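Trainee: I keep running into descriptive words for structures and I'd like to know what earns them. Can we go through some?

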Amino acid sequence: MSTDRQTNHPVIAFVDDDERASDLFTRYARTEGLTVHGFQSVRSAQQWLEENAVDLVITDLKMPDMNGLEFLEWLRGQWPELPVILITGYSTIDNAIQALRLGASDFVKKPYDPESLVELVHRLLGGAQEPAPALVDGERAMLGSSPAIEAVYRIIDKIRDVRINVMIEGESGSGKELAARATHERSDFAQTPYIVIDCGALTDTLLENELFGHEKGAFTGANTAKPGLLEVASGGTVFLDEIGNISDAMQVKLLRVVQEQEITRVGGVKTIPIDVRFIVASNRNLAEMVKAGEFRHDLYHRLNVVRLQMPPLRERREDIPVLAQHFLEEFARRFHRPAERLSEKTRQAILDYSWPGNVRELKNTIERAVALSDSEEIDLELAGEDTAAPATGMDTGGTAIDADHPTLEELERRYIEKTLEYAQGNRERTASILGINKSTLWRKLQNYEKK
């Protein structure tokens with residue numbers, strides 16, 4: 001296996017003309033023991049590869065100078081055994097079959113999760129032919145068999161053969177994105193594009209550009225025309241997360257798109273027809289926002305054709321042990337820990353705790369406990385100050401407290417500060433763990449500093 005001389009890590013060539021995608025994957029892969037060299041064109045990658053050895057290549061299918069299939073053929077001619085992963089936002093089953101016929105090791109559709117892609121890289125480099133036996137990935141499906149989750153699945157299955165707009169509501173961390181993905185992947189249209197857009201993370205200008213694209217010369221730096229994600233996703237599904245955060249002006253533009261199924265690129269005059277099914281989600285009550293005049297009633301009703309209400313984890317406690325055990329096994333494999341089970345005290349503790357951060361908080365709690373353990377039986381106290389301990393007996397430092405004294409604001413502050421410490425000060429990672437926008441985290445931290 002080739003390794004980086006300084007880091008002794010496996011070396012990956014990542015080829016994608018989207019520099020942001022390359023940077024995101026490179027940063028995450030570095031934390032998982034991989035050295036990544038990013039390239040924005042196939043030609044530059046080829047020149048580098050002729051002089052340097054790598055363990056694996058990841059390439060986008062749609063590239064400006066040479067498409068991913070042509071690049072794959074070139075790689076196979078040079079290094080027949082080199083693992084290659086193709087990524088595309090223009091995915092069809094025909095492309096997948098053609099890529100596999102040409103010798104691709106695997107095929108990943110956009111949008112992809114960097115964590116899952118890194119897991120795939122490790123699996124291919126480890127020589128495994130199939131993923132290790134496990135329950136369905138906790139980031140890709142809702143686990144559990146409680147009546148509340150079964151009710152959600154029944155609705156999803158009833159609409160699997162119709163392209164109908166869906167609205168998903170629920171608390172932060174309750175699994176809204178998982179429900180959206182399940183709605184798409186369990187449908188008869190699962191092979192069509194599926195694109196996720198976080199409305200809460202983008203300004204109006206950036207969101208409009210992402211959704212609608214732009215024409216050449218539309219603004220400074222727009223040197224070429226760029227199709228928007230709605231255009232790319234035509235024929236498939238677009239998931240608009242945290243739609244309650246978009247402005248009045250963007251609501252008007254989105255209403256026209258939903259009604260007319262056509263878009264106009266920024267700086268353009270020509271309308272472009274699209275065919276998109278919308279799934280939207282919010283941790284705010286959109287019906288209440290409509291009553292308060294904060295969300296357009298006509299857009300609400302256009303999107304709220306089928307409504308899914310994601311139950312918080314505290315309302316499906318029978319799923320907690322199953323989820324906890326799944327996460328324990330997942331992180332034991334990833335971190336190479338001997339962890340096999342939770343202690344009886346811990347099992348009772350996680351059932352007693354209210355889990356305000358829902359499934360996301362449970363997952364992160366188990367992740368920390370496993371990472372810091374060195375035994376087969378896991379006790380959440382092993383995670384020390386990072387553990388989100390039961391509210392009825394332990395604080396985040398593992399010491400007894402009187403649960404009646406701290407205010408909700410103080411408990412929130414403690415949890416945010418402990419999460420920030422766990423993330424080693426990385427605010428982007430902290431916001432992701434907490435399930436909030438970076439701007440929201442920044443405002444809260446600013447408020448704490450003033451007090």
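Mentor: Sure, let's take the labels in turn and set each value against its cut-off. Keep in mind that this is a predicted model. The protein has 18 helices and 16 strands, and buried residues make up 47% of its 451 residues.

Trainee: Let's start with a helix pair. Why are H8 and H10 called roughly parallel?

Mentor: The axes of H8 (residues 204–212) and H10 (residues 248–260) cross at roughly 15°. Angles under 35 degrees count as roughly parallel, so H8 and H10 get that label. Their axes come within 11 Å of each other, and H8 passes H10 in a left-handed crossing.

Trainee: Why do you quote both an angle and a distance?

Mentor: Because two packed helices are described by the angle between their axes and the distance between the axes.

Trainee: Which residues meet where H8 and H10 touch?

Mentor: From H8 come Asp204, Leu207, Glu208, Leu211 and Phe212, and they meet Ala249, Met250, Lys253 and Val257 in H10. That contact divides into six nonpolar, no polar and three charged residues. Leu, Phe, Ala, Met and Val count as nonpolar, while Asp, Glu and Lys count as charged.

Trainee: Which residues of H8 are buried?

Mentor: Leu207, Asn209, Glu210, Leu211 and Phe212 are. Right after H8 comes Gly213, with a positive phi near 75°.

Trainee: And what makes Gln259 partly exposed rather than buried or exposed?

Mentor: Gln259, which is found in H10, has a relative accessible area of 35%. Buried means under 20% and exposed means over 50%, so with its 35% Gln259 is partly exposed. The C-alpha atoms of Gln259 and Asp298 are 10.0 Å apart, though 39 residues separate them along the chain.

Trainee: What makes a group of residues a nonpolar core?

Mentor: The members have to be buried residues of the listed nonpolar kinds, joined through side-chain atoms within 4.5 Å. The largest such core here has 31 residues, and Leu230, Leu240, Ile243 and Phe278 touch the most other members. H10 gives the largest share, five residues.

Trainee: What does Phe278 touch?

Mentor: Leaving out residues up to four places away in sequence, its contacts include Ile164, Leu230, Leu240, Leu254, Val257 and Leu303. Another core, of 22 residues, lies apart from that one, with Ala13, Val54, Met63 and Leu82 among its members.

Methods
Residues are numbered from 1 along each chain as its sequence is written. This is a predicted model: local features need pLDDT of at least 70, side-chain atom pairs count only at pLDDT 80 or more; totals for chains, interfaces and linings use all residues. Side-chain values use heavy atoms; hydrogens and water are left out. Axes are lines fitted to C-alpha atoms, for helices over the stretch in contact, and angles run from 0 to 180 degrees between N-to-C directions. Helices (H or I, at least four residues) and strands (E, at least two) are DSSP runs, numbered from the N terminus. Angles under 35 degrees count as roughly parallel, over 145 as roughly antiparallel, 65 to 115 as roughly perpendicular and the rest as oblique. A crossing is left-handed if the near helix is turned anticlockwise from the far one by less than a right angle, and right-handed if clockwise. Contact means heavy atoms within 4.5 Å. Buried means under 20% relative accessible area, exposed over 50%, partly exposed in between (1.4 Å probe, protein chains only).
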